[in-house]
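Biologist: Before I plan anything around this one, I'd like to go through the labels people put on it. Can you show me the structure, and then I'll ask how each label is earned?

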Amino acid sequence: MTNGPLLQRITDYANRADPYPLYEELRRTPVLHEEEDGPYAVSSYYDILGLLHDPRVSSDATNLIAAGADELSGPEATGLPPSFIRLDPPEHDRLRRIANSSFGPPHRPDRIDSMSGELGGIVTELIDGFGDARQIDLVDQFAYPFPVTVICRLLGVPREDEPRFRTWVDPIVAALDPETRQRTDDDFQRASQEARMQLGMYLAGLVEQRTKEPRDDLLSDLAASHGTDGTMSMMEVLSTAVLLLIAGHETTVNLITNGMLTLLRHPEYLHRLREDPGLSVRIVEELLRYEPPVQLVPQRTCVADIDLRGVTIPKGARIWLMLAAGNRDPERFADPDRFDPDREDIEHLGFGSGIHICFGAPLARREAQLALAELARRLDNPRLVEDPPPYRRNAVLRGPRHLNIAVNSVRS
Amino acid sequence: MPAEAFHEWLRQEGRIVIVGASLAGLRAAETLRAEGFAGSLTMIGDEPHEPYDRPPLSKAVLLGKASPDHTELPRRRDIDATWRLGVAAAGLDMAARRVRLADGEEVPYDRLLIATGVHSRPWPKEEEAQLDGVFVLRTRDDAVRLHRRMKGPPRRVLVIGAGFTGSEIASACRDQGIAVTVAERADAPLVGALGGVIGAVAAELHRENGVDLRTGIMVTGLEGDTTGRVRVAHLSDGSSVETDVVVVSLGASRNTGWLAGSGLGAGPRGIACDAGCRAFDFRGIVTDDIYVAGDVARSPHPLFGYQFLSLEHWGNAVAQAEVAAHNMISAGADRRPHMWVPAFWSSQFGVNIKSVGVPSMGEEVMITQGSLTERRFVGVYGYQGRVIAAVSFDNTRWLEFYQRLIETGAPFPVEFPTVDRRPEGRKPVPADFPDPSLPTHGPTVTLSGYSPADRQLVFTPARH
Ligand SMILES: Cc1cc2nc3c(=O)[nH]c(=O)nc-3n(C[C@H](O)[C@H](O)[C@H](O)COP(=O)(O)OP(=O)(O)OC[C@H]3O[C@@H](n4cnc5c(N)ncnc54)[C@H](O)[C@@H]3O)c2cc1C
């Protein structure tokens with residue numbers, strides 16, 4: 001697969017710190033198709049929303065393989081079946097429903113709410129850990145360890161094992177990036193598949209343990225769902241667990257980091273947040289619009305010809321849904337490039353939409369709200385040390401790799 | 001006064017009266033304030049309560065998961081209104097622009113919004129309707145009474161009528177292990193709304209959940225014991241059902257009685273209005289100071305052959321209220337049409353049901369996703385070669401797509417494959433409505449645009 005000049009600039013690391021002017025350019029051709037075998041990039045809000053609800057648009061990895069483009073999660077290659085994020089109905093519906101029954105309504109409507117105290121405790125501990133340092137790397141010291149700790153507790157994965165699974169998570173996440181995928185040689189692909197398998201095997205050990213001695217965690221629930229009624233196969237349990245573990249922290253890191261960066265660039269909101277922690281709800285929603293952690297969805301393909309704005313996206317073509325571009329579509333949002341948590345209407349694409357809408361959204365929201373409110377309260381006179389900060393390579397999961405902040409002190 | 005100056009004055013100092021202090025009334029009031037209306041606002045409601053939400057009354061409330069007293073509608077903003085609760089509007093003097101209240105007082109207006117909704121059709125035999133244990137379910141007070149009796153618990157509940165509300169009540173009973181009989185004149189539940197094909201799925205849902213479902217049957221009489229409590233119901237097939245709670249779910253009638261003799265075009269089917277929510281008088285002339293919204297309104301819909309639709313849909317009440325409020329204080333060119341695509345949801349027996357469009361206009365239905373046997377599906381209704389409606393069981397998230405098909409007059413049958421690998425049938429079958437009333441063939445109108453401000457009608461003349 002090759003990408004034309006504009007898409008290449010979007011994936012180009014040089015433009016990572018501020019891709020928004022490129023997105024603006026992109027929106028001028030709402031359905032962009034630059035190279036014959038390249039993707040169709042869709043960048044306006046309503047078109048993206050439409051495609052996210054379009055039953056002709058598939059997330060299924062095998063359709064993508066048919067389209068000659070995806071090597072990520074072919075079952076033969078990795079031994080682990082694709083997780084529900086890469087499946088269509090009915091398999092998607094079944095797996096997601098089972099996973100959801102231990103995570104959200106109607107069965108566990110209070111799961112996230114009931115964690116608030118625990119989340120608060122983790123936040124406090126991490127901020128206390130800053131000690132009397134005058135400079136903090138927000139990513140390494142807070143935005144990364146926080147969601148990792150949370151997802152570990154929620155799943156029931158020992159926190160001490162983080163360094164181990166980190167070595168598997170990194171190549172898997174890197175493979176999501178179209179830029180890396182483009183340069184990809186076979187070794188690289190194999191490494192990511194291998195890593196996914198390793199992570200699956202690591203989790204298999206835990207699942208086995210939980211089958212014998214269930215606890216109050218998601219791994220136990222997943223293990224139990226592989227029960228007498230055969231609702232999830234053991235392999236499906238594992239690929240679901242891999243998905244939850246990775247998706248459970250890789251995005252929230254960016255949400256929190258982008259959030260703090262944005263607040264430091266808009267200090268009036270940082271001040272208001274200090275006075276009124278309740279404002280974090282609006283701030284996080286606006287962040288999901290303004291700096292969404294998932295910038296684009298590059299893994300959809302269509303199972304029938306789709307006519308969109310006078311362009312026919314042919315059956316089998318790959319579609320990129322440019323969520324971050326849609327979020328700043330002036331057709332949808334007034335003054336879209338302004339960070340404005342006071343806007344009345346923030347129905348963003350930050351979590352996607354349709355049947356694949358972010359599974360962990362309630363948790364991610366809660367984490368980011370708590371984190372930002374506490375940072376605002378406890379950091380005395382926080383300032384950016386460098387702007388823009390250095391970014392992670394990934395164009396899909398976009399966020400700073402480090403965020404160095406100078407402070408006068410850390411309040412208790 | 002030139003129109004513009006008048007509207008400026010109206011926005012600053014006008015008097016707006018809203019009759020019907022429920023969903024549509026409240027949302028209209030909030031919209032008025034949001035759009036800068038600074039004049040006086042009066043909310044008249046015959047119920048003693050502040051605006052509350054009705055859908056939970058037949059769902060969470062009956063299940064005991066929500067208290068009927070805690071279904072207040074969330075407020076979007078402060079509306080700074082004079083509230084006249086617990087007093088009904090009893091008359092309207094269109095010439096003098098006054099609403100007369102049941103307590104004799106009169107309230108003058110410059111603009112009036114009527115949002116009086118509907119009331120449940122009572123059991124037609126008055127004496128039987130008075131029996132202790134016979135209920136309807138429309139208001140919070142109804143819900144309090146019924147809920148109290150359900151906690152009894154009753155030995156058996158009889159639900160008369162298997163529309164959405166009746167089915168939800170039956171579902172709530174089963175959920176709590178209460179024996180329930182449902183009597184329905186049609187051959188299946190929900191047939192009037194969704195047709196026989198989908199009705200058959202609903203019937204299975206009832207039966208599998210242990211409802212004693214009797215279809216193709218009518219309740220002919222209710223009988224009480226010596227203390228005046230309902231005891232037994234007689235059915236048209238000669239059988240009878242011993243019961244101590246009867247819930248009459250026979251649909252609703254529009255609350256227009258208070259407008260009798262006013263000269264407004266109001267009757268048992270509602271108040272006719274134009275696409276801008278302006279009420280017609282009885283001569284068919286549009287008023288410019290009286291607006292209607294919500295369940296009580298009947299408005300012409302271009303997508304559906306300009307039929308006057310009256311909808312009992314939560315979402316319609318909100319959307320129509322917003323348009324009415326906007327138009328009340330806007331001059332001609334700034335006004336917007338109410339072109340909401342009907343959408344309705346229900347939840348029963350653990351299944352989420354949602355429809356868009358007007359299924360009852362459908363001649364044929366085809367299952368495009370999921371499967372009837374799994375009871376997770378999307379069904380699409382066709383009318384004269386175009387998509388007119390869709391319904392989903394536990395598949396809500398796809399419906400937006402089908403709404404777009406309806407809006408753009410997409411062809412029916414639906415030809416394309418979907419990601420769903422259970423192409424059950426994938427061919428249209430008769431939707432099986434008991435009494436299809438087919439409007440005449442006409443030109444095609446479709447909708448384009450997204451935001452209320454740039455929604456457009458596209459008109460395609462009929463082809464020969
Ligand atoms: C039990 C139940 C369940 C429902 N479930 C769903 C659902 O799942 N999905 C869905 O889409 N819709 C549902 N609905 C329908 C939805 O609630 C209505 O569409 C909505 O309430 C309409 O709002 P409205 O303001 O037009 O009318 P209403 O809510 O009926 O309000 C009208 C108000 O005006 C008052 N009024 C009447 N006459 C006068 C008068 N002369 N003077 C003063 N006040 C007067 C009435 O007492 C009432 O308070 C349900 C309704 C009920 C009853």
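**Labels and what backs them**

Modeller: Sure, and bear in mind that this is a predicted model. Let's begin with two helices of chain A: α16(A), residues 280–290, packs against α18(A), residues 361–378, at about 120 degrees, and their axes are 9 Å apart.

Biologist: What handedness does the crossing of α16(A) and α18(A) have?

Modeller: Right-handed, as α16(A) passes α18(A).

Biologist: And which residues of α16(A) and α18(A) meet?

Modeller: From α16(A) you have Ser280(A), Val281(A), Ile283(A), Val284(A), Glu285(A) and Leu287(A), and they meet Arg365(A), Ala368(A), Gln369(A), Leu372(A) and Ala373(A) of α18(A). Sorted by class, that contact has seven nonpolar, two polar and two charged residues.

Biologist: Why is the pair Asp93(A) and Arg376(B) called a salt bridge?

Modeller: The closest N and O atoms of Asp93(A) and Arg376(B) are 3.2 Å apart. The cut-off is 4 Å between a side-chain nitrogen of Lys or Arg and a carboxyl oxygen of Asp or Glu, so the pair qualifies.

Biologist: How many salt bridges does the rule find across the interface of chain A and chain B?

Modeller: One. Over all chains, the search of the whole structure gives 56.

Biologist: What makes Arg166(A) and Glu250(A) a salt bridge?

Modeller: Same kind of check: their closest N and O atoms are 3.3 Å apart, and the limit is 4 Å, so Arg166(A) and Glu250(A) pass. This pair links distant parts of the chain, with Arg166(A) in α10(A) (162–174) and Glu250(A) in α14(A) (234–265), 84 residues apart.

Biologist: Back to the two chains. How many residues of chain A and chain B are in contact?

Modeller: 23 of chain A with 18 of chain B. The area buried between them is about 1,900 Å², and carbon and sulfur atoms give 57% of that. Tyr46(A), His53(A) and Pro55(A) supply 32% of what chain A buries against chain B, more than any other three residues.

Biologist: How many residue pairs are in polar contact between chain A and chain B?

Modeller: Three, counting pairs with both residues at pLDDT 80 or more. As for elements, α3 (45–52), β3 (57–58) and α6 (91–100) of chain A each give two or more residues to the side that touches chain B. The most come from α6(A), with four residues.

Biologist: What classes of residue make up the side of chain A that touches chain B?

Modeller: 10 nonpolar, three polar and 10 charged residues.

Note on methods:
Residues are numbered from 1 along each chain as its sequence is written. Chains are lettered from A and ligands numbered from 1 in the order in which they are written. This is a predicted model: local features need pLDDT of at least 70, side-chain atom pairs count only at pLDDT 80 or more; totals for chains, interfaces and linings use all residues. Side-chain values use heavy atoms; hydrogens and water are left out. Contact means heavy atoms within 4.5 Å. Buried area is the accessible area (1.4 Å probe) that two parts lose on being put together, summed over both. A polar contact is a pair of N or O atoms within 3.5 Å; within protein, one must be able to donate a hydrogen and the other to accept it, and residues adjacent in sequence count only if both atoms are side-chain atoms. Ala, Val, Leu, Ile, Met, Phe, Trp, Tyr, Cys and Pro count as nonpolar, Asp, Glu, Lys and Arg as charged, and the others, Gly among them, as polar. Axes are lines fitted to C-alpha atoms, for helices over the stretch in contact, and angles run from 0 to 180 degrees between N-to-C directions. A crossing is left-handed if the near helix is turned anticlockwise from the far one by less than a right angle, and right-handed if clockwise.
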